[in-house]
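Good morning, and thank you for coming. I would like to walk you through one structure today, beginning with a strand, moving on to a cavity and ending with a single residue.

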Amino acid sequence: MEATDRQGKICLVVGGGGFLGRHIVEKLLDRGYEVHVFDLRETFKDDRVTYFLGDLCKKEDLLPAMKDVFVVFHCATPSPLSNNKELFHKVNCHGTKTIIEACKEAGVKRLVLTSSASVVYEGKDVENGTEDLPYACKPMDYYTETKILQEKIVLEANSDDFFTVAIRPHGIFGPRDPHMVPTTVRTAKAGKMKFKIGDGKNIVDFTFVENVVHGHILAAEHLEPGSKICGKAYHITNDEPIFFWDFLSKILTGLGYNAPKKNLPFWLVYIIAVILQVICFLLKPIKQIHPTFTPMTVSLAGTHHYYSCQRAIADMGYKPLVNLDDAIQKTVDSFPELRNTSK
Ligand SMILES: NC(=O)C1=CN([C@@H]2O[C@H](COP(=O)(O)OP(=O)(O)OC[C@H]3O[C@@H](n4cnc5c(N)ncnc54)[C@H](O)[C@@H]3O)[C@@H](O)[C@H]2O)C=CC1
Ligand SMILES: CC(C)CCC[C@@H](C)[C@H]1CC[C@H]2C3=C(CC[C@]12C)[C@@]1(C)CCC(=O)C[C@@H]1CC3
């Protein structure tokens, strides 16, 4: 899309106050779009942005933000590492249906959903998985369960006059990441990162946030009547699968922490995670506990899960903008507050 074509076009980023959402906002502004943000919370101020505070589950909150909008990016979610079944179903399912209703009422024609490559993951190895893999029959957590439902809702809404596409990133990291890097450092600081889970040879995709943003904007600019991307899902990765524990070790050593050297059997850690899950379930009426080591996180740490992005390369001309080594360095440099000062 030419720069002149972008002028006057309004993009709405639902969840634009979050990690990925704010990076999408910044890149849209750089490319000359007018940008609205819709979020529960105002996490930043920018005179170029029109910020709407509200709950995406309420159509009356959404409609003012949708006036004259060219495309909606929906990247809102409750925190993926929480375990609130009701909230996940409310926001990711009911909320997404509400966004679609509001789009149609406001005359918005394009919706780009941030889905997740994890919609096909159920704790077993996925090696170079394509978008044709079936959805997970037994999702490992409520987050994944509702991301599957959400993607189905959005892709099924695609029609001759309402164009939708789902972008499936995997393992997003980068500046202002609230999940990956802070959780890794917190775990290391707690002395729980002394061991690798499994043999340390499981291969995984980690995707730099700027590459995820690039995939989203490419999709929005290809989302036209008759386009082959309409109603489809696309994996967006760095296209550089890496040993899971090599990636974490680069992040940890980059921030001055020791990388895990020894190994623990995967099955042993998994059994401990399951026992922890049962204990947390029993204690729920007394106290909400969110352990770092859950069956899901342990499985992600001990199995292969990397995906082919050939469909995005072929259909949208996607190509990662930042390679993994540069991305890791940019990320480490962006978290001075997480650096190990005790050495
Ligand atoms: N972080 C990762 O590694 C991956 C994330 N994703 C997807 O990327 C998207 C963005 O994820 P992150 O940026 O990491 O999440 P985040 O937690 O940083 O941002 C989510 C935003 O959604 C907003 N939100 C939540 N409920 C809302 C509601 N009811 N109304 C309005 N706003 C609401 C939050 O306030 C927050 O600003 C999500 O859809 C997630 O499923 C997909 C693959 C990997
Ligand atoms: C405690 C260690 C064993 C793991 C530390 C790193 C983890 C916090 C991250 C490693 C893989 C990440 C991941 C996600 C969140 C953070 C990790 C578990 C997601 C679940 C985020 C939301 C998604 O859509 C899928 C991601 C898969 C990878």
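**Strand β1 and its surroundings**

Let us begin with strand β2, residues 34-39, which runs parallel to β1 and is joined to it by five bridges. Please keep in mind throughout that this is a predicted model. Within this pairing, C11 stands opposite V35 in β2. The connection between the two strands also deserves attention: β1, helix α2, which covers residues 19-30, and β2 together make a right-handed β-α-β unit.

Strand β1 has a further partner. It pairs with β4 in the parallel sense, again over five bridges. Here L12 is the residue to find, since L12 stands opposite V72 in β4.

Is β1 mostly covered or mostly open? The strand spans residues 10-14, and five of its five residues are buried, so we may call the strand mostly covered, with buried meaning under 20% relative accessible area. To see how this is arranged, recall a general point: in a regular strand the side chains alternate between the two faces of the sheet. In β1, one side carries I10, L12 and V14, while the other carries C11 and V13, and all of these are buried. Both faces of the strand are therefore covered, by the same cut-off of under 20%.

**The cavity**

We now turn to empty space inside the model. How many cavities of 30 Å³ or more does a search of the whole structure find? The search finds one. The largest cavity holds about 30 Å³ of space.

Its lining consists of C11, L28, Y33, F70, V71, F73, I217, A220 and E221. The elements that give two or more residues to this lining are β4, residues 69-74, and α7, residues 209-222. By character, eight of the lining residues are nonpolar, none is polar and one is charged. You will recognise C11 in this list, as it is the residue that stands opposite V35 in β2.

**A closer look at A233**

Finally, I would like to consider A233, which lies in strand β12, residues 232-236. Why does A233 count as buried? It does so because its relative accessibility is 6%, and the cut-off for buried is under 20%.

Which residues does A233 touch, leaving aside those up to four places away in sequence? They are E131, E151, L155, A166, R168 and R311. Consider R168 among them: A233 and R168 are 65 residues apart in sequence, yet their C-alpha atoms are 6.8 Å apart in space.

Thank you for your attention.

Terms used:
Residues numbered from 1 in each chain as written. Chains lettered and ligands numbered in written order. Predicted model: local features only at pLDDT ≥ 70, side-chain atom pairs only at ≥ 80, totals over all residues. Heavy atoms only, no water. 1 Å grid on protein atoms, 1.4 Å probe; cavity = no way out; pocket = protein on both sides within 12 Å on 5 of 7 lines; lining within 4 Å. Points joined across faces, edges and corners; volume = space filled by probe spheres on them. Helix = DSSP H or I, 4+ residues; strand = E, 2+ residues; numbered from the N terminus. Nonpolar A, V, L, I, M, F, W, Y, C, P; charged D, E, K, R; others polar. Buried < 20%, exposed > 50% of the residue type's maximum accessible area, 1.4 Å probe, protein only. Pairing = 2+ DSSP bridges. Right-handed = clockwise from strand over helix to strand, strands pointing away. Contact = heavy atoms within 4.5 Å.
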